[in-house]
Amino acid sequence: MDQGFFAGDAISRACVAALALLLFGLSMAITSVRLRTKVLVGAPADPASLLTKLVRTQGNTAEYAAILALLMLAQGAGPKPGWVTALMLLAVGARVLFAIGMLTCESLAKPNIVRGLGAGGTYVAGIGLALALLRV
(Lines give C-alpha, C1' and ligand atoms only; values in the text may rest on other atoms or scores of the structure.)
Protein backbone atom coordinates (compact mmCIF):
# COMPACT_ATOMS: atom_id res chain seq x y z
CA MET A 1 0.00 0.00 0.00
CA ASP A 2 1.42 3.38 -1.03
CA GLN A 3 1.47 5.72 1.95
CA GLY A 4 2.36 8.75 -0.17
CA PHE A 5 3.67 11.62 1.90
CA PHE A 6 3.88 9.49 5.05
CA ALA A 7 6.05 6.81 3.45
CA GLY A 8 9.25 7.98 5.12
CA ASP A 9 12.00 5.47 5.81
CA ALA A 10 12.56 3.88 9.21
CA ILE A 11 14.99 6.59 10.35
CA SER A 12 12.71 9.48 9.43
CA ARG A 13 9.74 7.76 11.09
CA ALA A 14 11.84 7.08 14.21
CA CYS A 15 12.91 10.74 14.32
CA VAL A 16 9.31 11.91 13.99
CA ALA A 17 8.27 9.47 16.72
CA ALA A 18 11.05 10.78 18.99
CA LEU A 19 9.88 14.37 18.50
CA ALA A 20 6.29 13.35 19.26
CA LEU A 21 7.35 11.45 22.38
CA LEU A 22 9.37 14.45 23.56
CA LEU A 23 6.36 16.73 23.11
CA PHE A 24 3.90 14.39 24.83
CA GLY A 25 6.39 13.64 27.61
CA LEU A 26 6.73 17.35 28.33
CA SER A 27 2.95 17.73 28.24
CA MET A 28 2.53 14.93 30.77
CA ALA A 29 5.18 16.50 33.01
CA ILE A 30 3.26 19.80 32.94
CA THR A 31 0.05 18.03 33.92
CA SER A 32 1.84 16.28 36.79
CA VAL A 33 3.34 19.52 38.13
CA ARG A 34 0.01 21.34 37.71
CA LEU A 35 -1.79 18.70 39.76
CA ARG A 36 0.91 18.69 42.43
CA THR A 37 1.08 22.49 42.73
CA LYS A 38 -2.62 23.10 42.08
CA VAL A 39 -1.73 25.72 39.43
CA LEU A 40 -4.19 24.66 36.75
CA VAL A 41 -3.90 27.64 34.39
CA GLY A 42 -0.89 29.67 33.28
CA ALA A 43 2.55 29.60 34.82
CA PRO A 44 4.33 31.67 37.45
CA ALA A 45 6.24 34.73 36.25
CA ASP A 46 9.28 33.32 38.08
CA PRO A 47 11.82 32.18 35.43
CA ALA A 48 13.24 29.68 37.96
CA SER A 49 9.89 27.93 38.49
CA LEU A 50 9.77 24.33 37.28
CA LEU A 51 6.28 24.87 35.88
CA THR A 52 7.43 27.93 33.93
CA LYS A 53 10.42 26.00 32.58
CA LEU A 54 8.19 23.09 31.54
CA VAL A 55 5.58 25.31 29.90
CA ARG A 56 8.20 27.22 27.89
CA THR A 57 10.04 24.04 26.92
CA GLN A 58 6.84 22.32 25.80
CA GLY A 59 5.68 25.42 23.90
CA ASN A 60 8.99 25.79 22.12
CA THR A 61 9.03 22.08 21.32
CA ALA A 62 5.53 22.32 19.87
CA GLU A 63 6.64 25.23 17.68
CA TYR A 64 9.52 23.31 16.14
CA ALA A 65 8.49 19.63 16.29
CA ALA A 66 5.68 19.98 13.75
CA ILE A 67 7.73 21.64 11.02
CA LEU A 68 10.72 19.37 11.65
CA ALA A 69 8.44 16.32 11.36
CA LEU A 70 7.01 17.60 8.09
CA LEU A 71 10.48 18.29 6.72
CA MET A 72 11.60 14.79 7.69
CA LEU A 73 8.60 13.02 6.18
CA ALA A 74 8.74 15.18 3.06
CA GLN A 75 12.16 13.66 2.31
CA GLY A 76 10.26 10.50 1.34
CA ALA A 77 11.01 6.82 1.62
CA GLY A 78 13.45 6.70 -1.26
CA PRO A 79 17.20 6.92 -1.02
CA LYS A 80 18.58 10.14 0.33
CA PRO A 81 22.07 11.46 0.88
CA GLY A 82 23.68 10.61 4.20
CA TRP A 83 23.81 14.29 5.12
CA VAL A 84 20.00 14.45 5.05
CA THR A 85 19.76 11.55 7.48
CA ALA A 86 22.42 13.23 9.62
CA LEU A 87 20.34 16.43 9.69
CA MET A 88 17.30 14.45 10.87
CA LEU A 89 19.29 12.96 13.70
CA LEU A 90 20.79 16.35 14.51
CA ALA A 91 17.31 17.86 14.71
CA VAL A 92 16.16 15.29 17.26
CA GLY A 93 19.36 15.56 19.27
CA ALA A 94 19.16 19.33 19.24
CA ARG A 95 15.55 19.33 20.47
CA VAL A 96 16.48 16.96 23.31
CA LEU A 97 19.53 19.09 24.15
CA PHE A 98 17.38 22.22 24.16
CA ALA A 99 14.88 20.59 26.54
CA ILE A 100 17.67 19.46 28.87
CA GLY A 101 19.13 22.97 28.87
CA MET A 102 15.78 24.54 29.64
CA LEU A 103 14.84 22.14 32.41
CA THR A 104 18.20 21.94 34.18
CA CYS A 105 19.11 25.61 34.16
CA GLU A 106 18.96 27.65 37.34
CA SER A 107 16.73 30.22 35.67
CA LEU A 108 15.41 30.91 32.19
CA ALA A 109 16.58 34.49 32.68
CA LYS A 110 20.24 33.42 32.51
CA PRO A 111 22.10 32.29 29.38
CA ASN A 112 22.70 28.53 29.19
CA ILE A 113 25.18 26.87 26.85
CA VAL A 114 23.21 23.63 26.57
CA ARG A 115 20.04 25.51 25.63
CA GLY A 116 22.02 27.59 23.14
CA LEU A 117 23.56 24.53 21.50
CA GLY A 118 20.11 22.94 21.24
CA ALA A 119 18.64 26.06 19.66
CA GLY A 120 21.56 26.43 17.25
CA GLY A 121 21.38 22.78 16.26
CA THR A 122 17.65 23.16 15.63
CA TYR A 123 18.26 26.10 13.29
CA VAL A 124 21.02 24.31 11.37
CA ALA A 125 19.02 21.09 11.02
CA GLY A 126 15.76 22.83 10.14
CA ILE A 127 17.29 25.09 7.51
CA GLY A 128 19.32 22.19 6.12
CA LEU A 129 16.24 19.94 5.85
CA ALA A 130 14.29 22.72 4.14
CA LEU A 131 17.08 23.23 1.63
CA ALA A 132 17.32 19.46 1.12
CA LEU A 133 13.79 19.51 -0.30
CA LEU A 134 15.13 21.65 -3.14
CA ARG A 135 17.78 19.12 -4.21
CA VAL A 136 17.31 17.70 -7.66
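**View 1. Lysine 38 sits in the loop between α1 and α2.** This is a predicted model, where local features need pLDDT of at least 70, side-chain atom pairs count only at pLDDT 80 or more, and totals for chains, interfaces and linings use all residues. Residues are numbered from 1 along each chain as its sequence is written, and side-chain values use heavy atoms, with hydrogens and water left out. Lysine 38 is not a glycine, yet its phi is positive, at about 60°. With a relative accessible area of 69%, lysine 38 is exposed (buried means under 20% relative accessible area, exposed over 50%, partly exposed in between, with a 1.4 Å probe and protein chains only). Threonine 37 belongs to helix α1 and, at 40% relative accessibility, counts as partly exposed. The C-alpha atoms of threonine 37 and arginine 95 are 27 Å apart, with their positions 58 residues apart along the chain.

**View 2. Here is the whole chain, with its four helices and zero strands.** Helices (H or I, at least four residues) and strands (E, at least two) are DSSP runs, numbered from the N terminus. Reading from that end, the order is simply α-α-α-α. Along the principal axes, the C-alpha atoms fill a box of roughly 50 × 35 × 15 Å. Of the 136 residues, 40% are buried. Take the contacts (heavy atoms within 4.5 Å) between residues at least 6 apart in sequence: 72% of them join residues at least 24 apart.

**View 3. Lysine 80 and aspartate 9 meet in a salt bridge, 3.1 Å from N to O.** The rule asks for a side-chain nitrogen of Lys or Arg within 4 Å of a carboxyl oxygen of Asp or Glu, and by it the count comes to two salt bridges. Lysine 80 lies in the loop between α2 (50-74) and α3 (82-104), and aspartate 9 in the segment before α1 (10-37), so this pair ties together parts that are 71 residues apart in sequence. How accessible is lysine 80, buried or exposed? At 15% relative accessibility, lysine 80 counts as buried, while aspartate 9 is partly exposed at 21%.

**View 4. The other close-up of a charged pair shows lysine 110 and glutamate 106 in a salt bridge.** Their closest N and O atoms are 2.8 Å apart. Lysine 110 is partly exposed, with a relative accessible area of 41%. Glutamate 106 counts as exposed, at 59% relative accessibility.

**View 5. The largest nonpolar core has 17 residues.** A nonpolar core is a set of buried Ala, Val, Leu, Ile, Met, Phe, Trp, Tyr and Cys residues joined through side-chain atoms within 4.5 Å. The residues with the most contacts inside this core are Leu19, Met72, Met88 and Leu129. Which elements give two or more residues to it? They are α1, α2, α3 and α4, and α2 gives the most, with six residues. Zoom in on methionine 88: leaving aside its neighbours within four places in sequence, methionine 88 is in contact with Ser12, Cys15, Met72, Gln75, Lys80 and Leu129. There's also a second, separate core of seven residues, and Ile30, Val33, Leu51 and Ala99 are among them.

**View 6. Leucine 73 of helix α2 and serine 12 have C-alpha atoms separated by 6.3 Å.** Along the chain, leucine 73 and serine 12 are 61 residues apart. Leucine 73 counts as buried, at 10% relative accessibility.

**View 7. Two cysteines are shown here, in a structure that holds zero disulfides.** For a disulfide, a pair of cysteine sulfur atoms has to be within 2.5 Å. Cysteine 15 is buried, at 4% relative accessibility. Cysteine 105 is buried as well, with a relative accessible area of 6%.

**View 8. Tyr123, Ile127, Leu131 and Leu134 make a nonpolar surface patch of about 460 Å².** Patches are made of residues with over 30% relative accessible area and no salt bridge: like charges are joined within 9 Å, nonpolar side chains (Val, Leu, Ile, Met, Phe, Trp, Tyr) within 5 Å. Isoleucine 127 lies in helix α4, which covers residues 113-132, and isoleucine 127 is exposed, with a relative accessible area of 54%. For the chain as a whole, about 7500 Å² is exposed, and carbon and sulfur atoms supply 72% of it. Accessible areas come from the Shrake-Rupley method with a 1.4 Å probe; for residues, only the protein chains shown count as cover.
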